[in-house]
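Work through the exercises below with the sequence and the model open beside you. Try each task before you read its solution.

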Amino acid sequence: MQGFYPLFTAIPLGMAFINLLMAKISKKVADYIAFIATGVLAVMAVRMLFEPVFVYKVGGWPPPWGILLVSDGLSSLLLVVINVIGFLAIIFSTKYMTTYTAKPKYYTLFLLMIAGMNGVVITGDMFNMYVFLEIASIASYALVGFGCEKEELEASFKYLILGGVASTAILFGIAFLYSMTGTLNMPDLAQQIEILGMNKALGFVIALFIMGFGLKASSVPFHAWLPDAHPSAPAPISAMLSGVLIKALGVYSIARIMFHIFGPEPMISSILMFLGALSMVVGVFMAVGQSDVKRMLAYHSISQMGYVTIGLGLGLNPNVDPAVAALGLFGGLYHLVNHASFKSLLFLCSGSFEYRTNTRNKYEMGGLIRRMPITSTTCSIASLSISGVPPFNGFWSKLIIIIAFLKAGYPLYGAIAVLVAFMTLISFVRLQKDVIFGTLPEKFREVKEAPLLMTLPLIILAVLCLALGVAYPFVDQAMLQAAKDTLLDKMAYMSLLTGG
Amino acid sequence: MPDIDEEIRDTSKGMTSIVKTVVRFALGIIVIFGAYIVLYGHLTPGGGFAGGVILACGYIVLTLAFGRQIALRKMNNKAASILDTSGVLAFLAIGLLGYTGGYFFLNFLGRGKMFDLVSAGTIPLCNIAIGLKVTASLFAIFLALSIFGRFISSLVDEDE
């Protein structure tokens, strides 16, 4: 398995372009190519969970000259999230995307986005990370505007401009780091910065990275693109953007760089905790008045990503008890996985409702549980998960984050987390009342359940939502502890330079 | 389809005959220079991307001087798309062939003598693949923009 690590980017990249060539012969092949490619990737990603930590030298070049690919707990966790959700979104797309034209091009862009995200997650080289980040971002700009309607193009353009600014900030930060240390290899960078110590230039780099990656992670002063981009994209893409992209490009990069390159630092910690709390509050209050279901979900993404960011922030704090910091970090990572499952489920459900009713306005819907029982039930499960109702997964991760903050001596942040969880509950109870229960409007009397290929991913994700909550002790050991321990152990990451 | 020589002489399409004559002389030099930059990428400054841009500029000059029909005869949008895709796949194939020596992107060919044209193993091949991709995709982008511009200006005309 170790020798095939680069295939996580090579398979989707190659298949994306083979797909374009094959589409000139037959349009039907595209479905199968995308299905097989993402299926293989999902299986490979699950296999990676059982691999020990290793580094892969691209082209056989020894570090720090060549590009390193690193496989550890954190990248395995993210690989599973990206590829499993991607596979389910592809299954959903096979039927859903028939309402759009140019399906092969859609699959090509989708696979390029997967290639970019996998690349960001597996690489151990700063510039390589930037290149893959751009691949994923550019594919997502195109996918947001895929419908080519007026609002979609506008949202895509807005996302393009803001994303371009963020990428520039990131590149600028990388250039600064390179000028100071003379290396781009991440374990080597960590060693050099350890020797260099904190200075003003590094502070500027941190500011640039928090801005750039914060925009990709849509944390609150940089969130403006997200509420437009997510509703405009086709439903499976919204699920990918919200469930995976903002985590792989934003949160993962922040976590990797801040924990492993800069190391625990009180300043970074307080900035991240503040941004997280701000995102939680602003996101949830903006979500309240939205009538468009997908727009409301997009605002909730901002709010829920706040939980992840605040957890990471606590993990970075060297002044609190290490066990409590580890608990906060664990809660953040757990919420990351949970959010990927329930938010992509919610977006896919909204797509399924839209496929049959042709509307996204929640006030026009109602009583759909009688006509679309599977979609409605799964939507209900996801709503309960996101609002933190036991025994679903969202409850446990929020509980862990709140406990960690109370123990760490930040009662205000703990109280904000409780308040936001409560507001989320209100918001989703209303969503259920407006869409799933209530009176069925006359025009939807004849609505049918979505086709099997669309309901199957919904059922799998709903089972995951429940399983991640109920089977918490097993999940705990298998994936999350490894990821948490990886992040907290900066020395181990630095030693990859020589040990691999 | 009319004879290509007749179309080139057709004064109603493209720019004036001064421009056309200059482009006829310059085009060959542009293409040779682009190919040189691609092929000598491992020895001199430049490489696949820079050379590819120069080659694509050759096509763009051809389009501007003689009109789109002549340029499309040399490379139409379908051919551009296929060349573009095969450039990427060739590059990826070079990477995957590195597995014959055990590593992704291993330089598995002999290095040759330093400063020879055929040296540095797979790097010239990578440059050629990148050059192909950049030429075809930049020209395809140019075509797409010119078609889109015409589409937009037709919309504006309807409004007026």
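The exercises that follow deal with an interface, a cavity and some points along the backbone.

This is a predicted model, in which local features need pLDDT of at least 70 and side-chain atom pairs count only at pLDDT 80 or more, while totals for chains, interfaces and linings use all residues. Residues are numbered from 1 along each chain as its sequence is written, chains are lettered from A and ligands numbered from 1 in the order in which they are written, and side-chain values use heavy atoms, with hydrogens and water left out.

**Exercise 1. Describe the interface between chain B and chain A.**

Solution. Begin with contacts, meaning heavy atoms within 4.5 Å: 15 residues of chain B meet 17 residues of chain A in this way.

Next, take the area buried between the two chains, which is about 1400 Å², with 76% of it given by carbon and sulfur atoms; buried area is the accessible area (1.4 Å probe) that two parts lose on being put together, summed over both. Of the area that chain B buries against chain A, Y99(B), Y103(B) and F104(B) supply 35%, more than any other three residues.

Then find the helix that gives the largest share of chain B's side: helix α5 of chain B (residues 77-97) contributes eight residues, where helices are DSSP runs (H or I, at least four residues), numbered from the N terminus. By class, this side of chain B has 10 nonpolar, three polar and two charged residues, where Ala, Val, Leu, Ile, Met, Phe, Trp, Tyr, Cys and Pro count as nonpolar, Asp, Glu, Lys and Arg as charged, and the others, Gly among them, as polar.

Finally, count salt bridges between chain B and chain A (a side-chain nitrogen of Lys or Arg within 4 Å of a carboxyl oxygen of Asp or Glu): the count is zero.

**Exercise 2. Which helices line the largest cavity, and which of them gives the largest share?**

Solution. On a 1 Å grid over the protein atoms alone, a cavity is a set of points where a 1.4 Å probe fits but cannot get out, and lining residues have an atom within 4 Å of a point. The largest cavity is lined by 13 residues, among them V293(A), C349(A) and F353(A).

Now sort the lining by helix: α12 (293-315), α13 (322-357) and α16 (411-436) of chain A each supply at least two residues, and the largest share, four residues, comes from α13(A).

**Exercise 3. Locate P391(A), C148(A) and P441(A) in their loops.**

Solution. P391(A) is in the loop between α14 (373-386) and α15 (393-408) of chain A, and the peptide bond from P390(A) to P391(A) is cis, with omega near 5°.

C148(A) sits in the loop between α5 (126-144) and α6 (150-181) of chain A, and its phi is near 60°, a positive value in a residue other than glycine.

P441(A) belongs to the loop between α16 and α17 (452-470) of chain A. Although P441(A) and M365(A) are 76 residues apart in sequence, they are 6.9 Å apart in space, C-alpha to C-alpha.

Key:
1 Å grid on protein atoms, 1.4 Å probe; cavity = no way out; pocket = protein on both sides within 12 Å on 5 of 7 lines; lining within 4 Å.
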